[in-house]
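Got your viewer open? Here is a short tour, stop by stop, with something to select at each one.

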Amino acid sequence: MKIIAGNWKMNGTKENLIKMIHDLSELSTENKIILCVPFTMLDTDSGKISIGAQDVSQHAHGAYTGEVSAKMIADTGAKYVIVGHSECRQYHGDTNDTVRKKSAQALANGLTPIICVGETMDEKQAGKTMEIIESGVRESVPTDASADNIIIAYEPRWAIGAGLTPTREEIATAHTLIAKTLTEMGLDGAPVLYGASVKGSNAADIMSVTNVNGVLVGGASLKSDDFIPIITSVK
Ligand code: PGA
């Protein structure tokens with residue numbers, strides 16, 4: 001069983017989501033499907049598909065205009081939330097410290113955080129990929145996490161939305177480091193997803209790499225014609 005998570009980013013409407021849920025409901029798959037959608041769609045009736053948000057406040061409640069708390073997300077029935085996505089790190093200034101606080105809020109409200117880590121092109125070129133990944137995991141995961149209530153997503157930031165993917169060897173090296181780091185943190189077995197430019201034509205290959213427990217899919221999760229081949233590419 002693999003975890004196939006979609007990240008709709010700021011795309012789609014409720015009507016699009018209802019259609020996607022309908023199309024996915026006809027699939028026979030053992031894989032776990034999660035759709036991380038804009039806040040406005042979180043309360044959509046989703047059947048056996050799990051719903052997640054794409055960000056959460058680091059605060060429990062209060063005077064934070066425009067923010068949405070973990071309690072509010074949980075109140076919609078959503079079960080997951082992406083935290084520390086590359087775009088939130090880039091455009092909103094999220095740091096590992098912020099991501100840890102947001103993830104702690106998620107856990108305190110019964111949500112599973114999907115914690116994203118990954119290197120930028122500058123960091124890759126400076127030979128810092130492993131350092132960024134390891135510090136990302138160590139500093140972004142809250143101390144009260146357990147292996148069954150967090151998901152890590154390795155997303156090389158230079159490859160997101162770019163049609164680029166690392167080699168199998170690079171993915172294997174990154175995922176093996178994350179698995180080792182999680183074991184050292186007492187989180188042995190927490191699932192680790194790969195994300196960035198996943199599509200139907202590369203999903204099975206990527207998910208056959210050692211320590212890859214699923215994928216986090218952006219652009220190719222928006223239409224069922226693109227998303228279904230990813231889901232059905234592996235058992
Ligand atoms: P992409 O996005 O699949 O469009 O590269 C992945 C992500 O941002 O999670």
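## Stop 1: the largest pocket

Start by selecting helix α3, residues 86-91: with 3 residues, this helix gives the largest share of the lining of the largest pocket. Keep in mind that you are looking at a predicted model. The space in this pocket comes to about 340 Å³. Its lining has 14 residues, and those closest to the centre are Lys9, Met10, Gln54, Cys88 and His92, so show them as sticks. Colour the lining by class and you get 7 nonpolar, 4 polar and 3 charged residues.

While Lys9 is on screen, follow its backbone. Lys9 sits in the loop between β1 (3-7) and α1 (14-25). Its phi is positive, about 50°, although Lys9 is not a glycine. Most residues other than glycine have a negative phi.

## Stop 2: a cavity

How many cavities of 30 Å³ or more does a search of the whole structure find? The search finds 1. The volume of the largest cavity is about 40 Å³. To see its walls, select Gly84, Ser86, Arg89, Cys116, Val117, Gly118, Glu155 and Arg157. Both α3 and β5 supply at least two residues each to this lining. By class, the cavity lining divides into 2 nonpolar, 3 polar and 3 charged residues.

## Stop 3: the nonpolar cores

Now select Leu35, Ile150 and Ile152, the residues with the most contacts inside the largest nonpolar core, which has 61 residues. Helix α7, residues 168-184, gives the most to this core, with 6 residues. A second core, separate from that one, has 12 residues, including Cys36, Ile114, Ala153 and Leu193.

Zoom in on Leu35 and show what surrounds it. Leaving out residues up to four places away in sequence, Leu35 touches Gly6, Trp8, Leu17, Met20, Ile21, Leu24, Ile49, Ser50, Ile51, Gly52 and Phe227.

## Stop 4: helix α7

Select α7 and put a distance label between its end C-alpha atoms: they are 24 Å apart. Why does that agree with what you would expect? Because α7 has 17 residues, and at 1.5 Å a residue the helix should span 24 Å.

Next, colour the buried residues of α7: Ile171, Ala172, Ala174, His175, Leu177, Ile178, Thr181 and Leu182. As you look at the pattern, remember that an α-helix has 3.6 residues a turn, so residues three or four places apart point the same way. What do the buried residues of α7 pack against? Bring up β5 (112-117), α6 (129-140), β6 (151-154), β7 (192-195) and α8 (203-207) to see their partners. Then step off the helix to Gly186, which follows α7 and has a positive phi near 80°.

## Stop 5: Lys32

Go to Lys32, in strand β2 (residues 32-36). Is Lys32 buried or partly exposed? Its relative accessible area is 27%, and buried would mean under 20%, so Lys32 counts as partly exposed. Apart from neighbours within four places in sequence, Lys32 is in contact with Met1, Lys2, Ile3, Ile4, Ser50 and Tyr80. For a long-range check, pick Ala204 as well: the two residues are 172 apart along the chain, and their C-alpha atoms are separated by 15 Å.

## Stop 6: Asn211

Finish at Asn211, in the loop between α8 and β8 (214-217). Asn211 has a positive phi near 65° and is a residue other than glycine. Its relative accessibility is 31%, so Asn211 counts as partly exposed.

How values were computed. Residues numbered from 1 in each chain as written. Predicted model: local features only at pLDDT ≥ 70, side-chain atom pairs only at ≥ 80, totals over all residues. Heavy atoms only, no water. 1 Å grid on protein atoms, 1.4 Å probe; cavity = no way out; pocket = protein on both sides within 12 Å on 5 of 7 lines; lining within 4 Å. Points joined across faces, edges and corners; volume = space filled by probe spheres on them. Helix = DSSP H or I, 4+ residues; strand = E, 2+ residues; numbered from the N terminus. Nonpolar A, V, L, I, M, F, W, Y, C, P; charged D, E, K, R; others polar. Core = buried A, V, L, I, M, F, W, Y, C linked by side-chain atoms within 4.5 Å. Buried < 20%, exposed > 50% of the residue type's maximum accessible area, 1.4 Å probe, protein only. Contact = heavy atoms within 4.5 Å. Expected span 1.5 Å × (residues − 1).
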